[in-house]
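Thanks for sharing this one with me. Here are my comments, set out point by point so that you can follow them with the structure open.

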Amino acid sequence: MSQFSRRVAVAGVAALALAASLGAAGSASAVPTSPPSYVTSWLALSTGSSNTVRLVNASSGATTTTQTLTTSTSCAMNQGSKSLVEFTPSAGSQGVGLSAGSIGVREKKNAAGTSCSAVDTASGESLTLTLKGGVGGQVAAAASLDINLKQSARILATARLSTAPDKPPALFELQSGTSIGTTPTAGAKVFTCNNPADSGPDSGTSNNCRWEISAPSWTSLAEDGVVFDSLELKALNGSFSLMGGADGFVDDPTDPMPTYFGGDQDASIFELVDGTVLCGQTVQLRTSDTVLKSEWTRKDNFGNTLCVAYPYASSSGVDSNGKSYVEIVKPTDFQADSQATWVTTGTYTGGTIPTPTMDLTGDEIGAFTLQACNAAWYDSSGVFTGPTTTSPPPSNPYACLISVAKGKGGGSTKTAIYSVYVFGDARLGW
């Protein structure tokens with residue numbers, strides 16, 4: 001595992017192991033050399049010599065799906081299959097435009113130049129990017145955008161999650177040039193960009209800034225627990241274009257792009273995860289042939305520290321040792337006092353139910369048998385209630401076995417149900 005990732009996983013019914021790996025998001029002084037394990041994929045928007053949106057597997061770096069963008073009459077952008085991202089212009093416009101690697105809003109049918117490749121305040125324009133079915137239900141945890149700015153541009157980004165329509169959107173605001181210091185939109189996190197050329201004709205990358213939205217994992221920005229599948233970019237002052245390296249490599253010297261992005265370093269990037277989980281919420285983890293069901297139920301943070309949703313990713317399958325597994329992964333040291341109960345139903349072949357083990361990766365403990373939880377953590381009827389301030393977990397991270405039970409099944413293939421308590425960051429497997 002990367003030193004920049006922390007994993008939480010539960011594996012099948014043959015050798016249950018719980019492990020936590022070291023790591024944290026990158027900073028200016030420590031640029032990560034591999035993506036964090038809770039980031040499953042990224043979307044790379046590249047413009048210029050080729051105009052594409054690609055879905056890239058974070059662990060392998062391989063492109064799994066490509067959406068090709070082309071230009072037709074009067075620089076109208078053809079979005080191809082729209083399998084990964086759909087670009088939607090503000091109402092009343094003539095559609096989305098693409099010209100010289102710049103994406104914007106077409107203002108007239110015979111648009112050309114900036115009239116089709118910019119998002120302009122004077123016309124009240126906006127551009128919305130929406131994730132589509134090709135991302136497999138993943139959502140964005142962050143974005144890093146290559147933005148071309150004009151006339152001291154000021155942009156409001158509104159991040160929404162379609163599966164949580166009642167949840168207020170997250171707001172982010174970019175201010176550049178003389179717009180810096182303007183009273184921001186209420187509730188918006190402000191990003192300032194002192195690009196050296198914020199007006200007049202294009203001047204290579206001097207008109208561009210890299211805008212980091214919702215704390216990309218490699219940056220020194222604090223994780224905010226925000227995920228989204230729709231991002232609206234609205235011009236509040238001046239104008240802007242969305243790009244992906246067409247003018248050249250645009251970086252943030254404070255939080256430089258990691259080299260693991262390879263040729264995607266100059267692209268606009270969306271980091272993808274499975275979702276988020278909040279206190280009291282239950283999420284279904286990914287299953288496989290030998291992992292029939294796995295539920296992660298988050299409890300209140302121990303000690304009543306503020307509960308903030310954390311992004312996660314999960315996977316399942318059979319490891320190199322032939323053991324079944326399913327895992328859930330979250331950012332390192334974010335919500336480190338979080339607690340959860342983890343119930344997994346998996347299969348095993350013949351014999352007695354396998355004894356679960358734990359592996360606290362990142363220290364010298366190694367794999368050991370997962371012990372039963374403290375008897376004081378059950379009520380008089382035997383229901384698990386969890387640790388208390390007078391009987392706290394002995395360490396962080398920590399996990400213990402709440403119960404083991406036989407599931408339904410017969411013949412040589414049987415099922416077992418493991419219920420585990422997890423404190424902090426951990427991985428469970430069998």
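The points below go from confidence to cores, strands, rings and two serines.

1. First, a friendly reminder that this is a predicted model. The mean pLDDT of the chain is 86, and 86% of its residues reach 70 or more. Residues 1–29 have a pLDDT below 50, although the model gives this stretch 164 contacts beyond near neighbours in sequence. Residues 426–430 also stay under 50, with 56 contacts beyond four places in sequence. Where pLDDT is low, the predicted coordinates should not be read in detail.

2. Next, the nonpolar interior. The largest nonpolar core has 44 residues, and L43, F87, I103, W211 and F270 are those with the most contacts inside it. Strand 12 (residues 139–160) gives the most to this core, with nine residues. For a closer look, try F270: beyond four places in sequence, its contacts include W42, L43, L129, L145, F228 and L231. A second core, separate from that one, has 20 residues, among them V277, V291, W296 and V326.

3. Strand 15 (residues 208–213) deserves a look of its own. Six of its six residues are buried, so the strand is largely enclosed by the rest of the structure. In a regular strand the side chains alternate between the two faces of the sheet. Here N208, R210 and E212 point one way, while C209, W211 and I213 point the other way, and all are buried. Strand 15 pairs with strand 12 in the antiparallel sense over six bridges. Within that strand, W211 is the bridge partner of L145.

4. On to the rings. A search of the whole structure finds 10 aromatic pairs. W296 and W342 have ring centres 4.9 Å apart and planes at 80°, so this pair is edge-to-face. W296 belongs to strand 20 (residues 291–299) and W342 to strand 23 (residues 339–349), so the pair ties together parts that are 46 residues apart in sequence. Both W296 and W342 are buried.

5. W377 and Y421 make another edge-to-face pair, at 5.7 Å centre to centre and with 65° between the planes. W377 sits in the loop between strand 25 (367–369) and strand 26 (398–406), and Y421 in strand 27 (residues 413–423), so the pair ties together parts 44 residues apart in sequence. W377 and Y421 are both buried. Ring pairs link these two with Y378, F384 and Y398 into a cluster.

6. Which residues does S338 touch, not counting those up to four places away in sequence? They are R298, N301, Y310, K330, V422, F423 and G424. S338 itself lies in the loop between strand 22 (324–329) and strand 23. It counts as buried, because its relative accessibility is 2%, under the 20% cut-off. Two of the residues S338 touches are Y310 and K330, and K330 lies over the face of Y310, at 5.1 Å from the ring centre.

7. Finally, S117, which is found in helix 1 (residues 114–117). With 8% relative accessibility, S117 also counts as buried. S117 and F240 are 123 residues apart in sequence, yet 8.5 Å apart in space, C-alpha to C-alpha. Leaving aside neighbours within four places in sequence, S117 is in contact with S99, S102, I103, G104, F240 and S241. Of these contacts, I103 returns us to the largest nonpolar core, where I103 is one of the residues with the most contacts.

Terms used. Residues are numbered from 1 along each chain as its sequence is written. Side-chain values use heavy atoms; hydrogens and water are left out. Rings of Phe, Tyr and Trp (its six-membered ring) pair if their centres lie within 6.5 Å; planes under 30 degrees apart count as stacked, over 60 as edge-to-face and the rest as tilted. Helices (H or I, at least four residues) and strands (E, at least two) are DSSP runs, numbered from the N terminus. Buried means under 20% relative accessible area, exposed over 50%, partly exposed in between (1.4 Å probe, protein chains only). A charge sits over a ring if NZ of Lys or CZ of Arg is within 6 Å of the ring centre and within 35 degrees of the ring normal. pLDDT is the predictor's confidence in each residue, from 0 to 100. Contact means heavy atoms within 4.5 Å. A nonpolar core is a set of buried Ala, Val, Leu, Ile, Met, Phe, Trp, Tyr and Cys residues joined through side-chain atoms within 4.5 Å. Two strands pair if DSSP finds at least two bridges between them.
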